[in-house]
There are 2 protein chains.
Amino acid sequence: MSAISERRERERAQRHQLIITAARELAEAEGWEAVTTRRLAERVEYSQPVLYSHFDGKDAIMRAVALEGFAELADRLRRVRLASTEPSRALHAVGRAYLDFAAEQPALYQAMFELPTDVKFAHAETPASLRAGFDEFVSCFDPDDPRRELLAEVTWSALHGIAALAKSGRIPPGGQAERLDLIVTRIAGTP
Amino acid sequence: MSAISERRERERAQRHQLIITAARELAEAEGWEAVTTRRLAERVEYSQPVLYSHFDGKDAIMRAVALEGFAELADRLRRVRLASTEPSRALHAVGRAYLDFAAEQPALYQAMFELPTDVKFAHAETPASLRAGFDEFVSCFDPDDPRRELLAEVTWSALHGIAALAKSGRIPPGGQAERLDLIVTRIAGTP
DNA sequence: ACCACATCGTAGCAACGCTAGACATCCTGC
DNA sequence: GCAGGATGTCTAGCGTTGCTACGATGTGGT
């Protein structure tokens, strides 16, 4: 009984992850509008109702994908920040890593930051990985500066702005490096 | 024949605008996901196929709403900029007007800047009203500065970032004024 | 007055998210 | 070892979506 139900639980967890990965791959390959419950079910080789035994619905699946993305992004930003020898260049490196993340995985980024979500961001029940990503920006500023939370917010928002507008073609996709330079030098520079 | 077909054409144009207005109001009241072709048809008191004799589909209707929004935004920004007596404060005023526009009409803003679109932004066939809105930002900077296009791009992007993230609850909706201050002083301030 | 044409509504299609109930399969207790 | 119960999966279907083919209606020109 114990060993068997453990195996079942293991299989169930694997399938849970399989659904998330399949949704993410499908979204990245053909966009979120192509991620239907039918296609997703076919892809994981189960019937539709199985999806609903793991998630409350399509939105919950997208939320799970987004959460996975938050963890990966926070990890990536952290690594880049710690690898920066000079603190003054840390923000630049983190910013570039952020833009690269958005450009390399547009569908994932969309699920995280653009699609409507009920994930709470600046609340008590905010997932840790979510706060962790933001904190990487905060850590790039002087701990003694009382406005460093605000500076991090605005830096993040500006990066999100150029990432989102470039992704949808609303500003020319080239020239992101130049925009990043401007943001970093103006915001992180001495006031 | 002439007078009658002219009247028909007039009625047709009125209905065209009626559809756009109805879609916009419905989206603003209940969100874009509530704007279905059936509900929209009922609201304008015609049957569904009539919508398709005016627009290529739902996306085209949303595009028409967005274009109307671009014209209004450009107009609003222009007025605010010209009303600014002191040039150094023009950018601040334009920025606040932009954020107000986004906050007051979230569905319209969403159609303009967040939803997938095939409207070209930085191309030859860019609608005039669209370029006009961007130019209001450009005009806030020194005409002799070779980087003023870049400065306008980044300013606009940063404003879009805080508008979009605040609208979806990803940053606290309060404190936009503080963020605006920071963006304006850091970007428009002397480098 | 009559025909031709344009215009509009009814009805229907495939696909969507989601769910109820039948079916099969496996574990448990005697 | 074997029936009984519980767990898990699939088939089938509901209501709604964007969109369209086709028939009815009514107007305009000759």
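How many salt bridges does the rule find across the interface of chain B and chain A? I will come to that in a moment, after saying that what we are looking at is a predicted model, and after a few words on chain A taken by itself.

The secondary structure of chain A comes to nine helices and zero strands, and its C-alpha atoms fill a box of roughly 65 × 40 × 30 Å when that box is taken along the principal axes. Of the 191 residues in chain A, 48% are buried, and if we take the contacts in this chain with a separation of 6 or more, 60% of them are between residues 24 or more positions apart. The accessible surface of chain A is about 9900 Å², with carbon and sulfur atoms accounting for 52% of that figure.

Turning to the interface, chain A and chain B contribute 34 residues each to the contact, and the area buried between them is about 3000 Å², 63% of it from carbon and sulfur atoms. On the side of chain B, the residues B:Arg170, B:Leu182 and B:Arg186 supply 28% of the area that this chain buries against chain A, which is more than any other three residues.

As for the opening question, the rule finds two salt bridges across this interface; in one formed by A:Arg179 with B:Glu153, the closest N and O atoms are 2.6 Å apart. There are also 10 residue pairs in polar contact, counted with both residues at pLDDT 80 or more. Within chain B, the helices α6, α8 and α9 each supply at least two residues of the side that touches chain A, and the largest share, 12 residues, comes from α8(B). By class, that side of chain B has 20 nonpolar, seven polar and seven charged residues.

Definitions and conventions: Residues are numbered from 1 along each chain as its sequence is written. Chains are lettered from A and ligands numbered from 1 in the order in which they are written. This is a predicted model: local features need pLDDT of at least 70, side-chain atom pairs count only at pLDDT 80 or more; totals for chains, interfaces and linings use all residues. Side-chain values use heavy atoms; hydrogens and water are left out. Contact means heavy atoms within 4.5 Å. Buried area is the accessible area (1.4 Å probe) that two parts lose on being put together, summed over both. A salt bridge is a side-chain nitrogen of Lys or Arg within 4 Å of a carboxyl oxygen of Asp or Glu. A polar contact is a pair of N or O atoms within 3.5 Å; within protein, one must be able to donate a hydrogen and the other to accept it, and residues adjacent in sequence count only if both atoms are side-chain atoms. Helices (H or I, at least four residues) and strands (E, at least two) are DSSP runs, numbered from the N terminus. Ala, Val, Leu, Ile, Met, Phe, Trp, Tyr, Cys and Pro count as nonpolar, Asp, Glu, Lys and Arg as charged, and the others, Gly among them, as polar. Buried means under 20% relative accessible area, exposed over 50%, partly exposed in between (1.4 Å probe, protein chains only). Accessible areas come from the Shrake-Rupley method with a 1.4 Å probe; for residues, only the protein chains shown count as cover.
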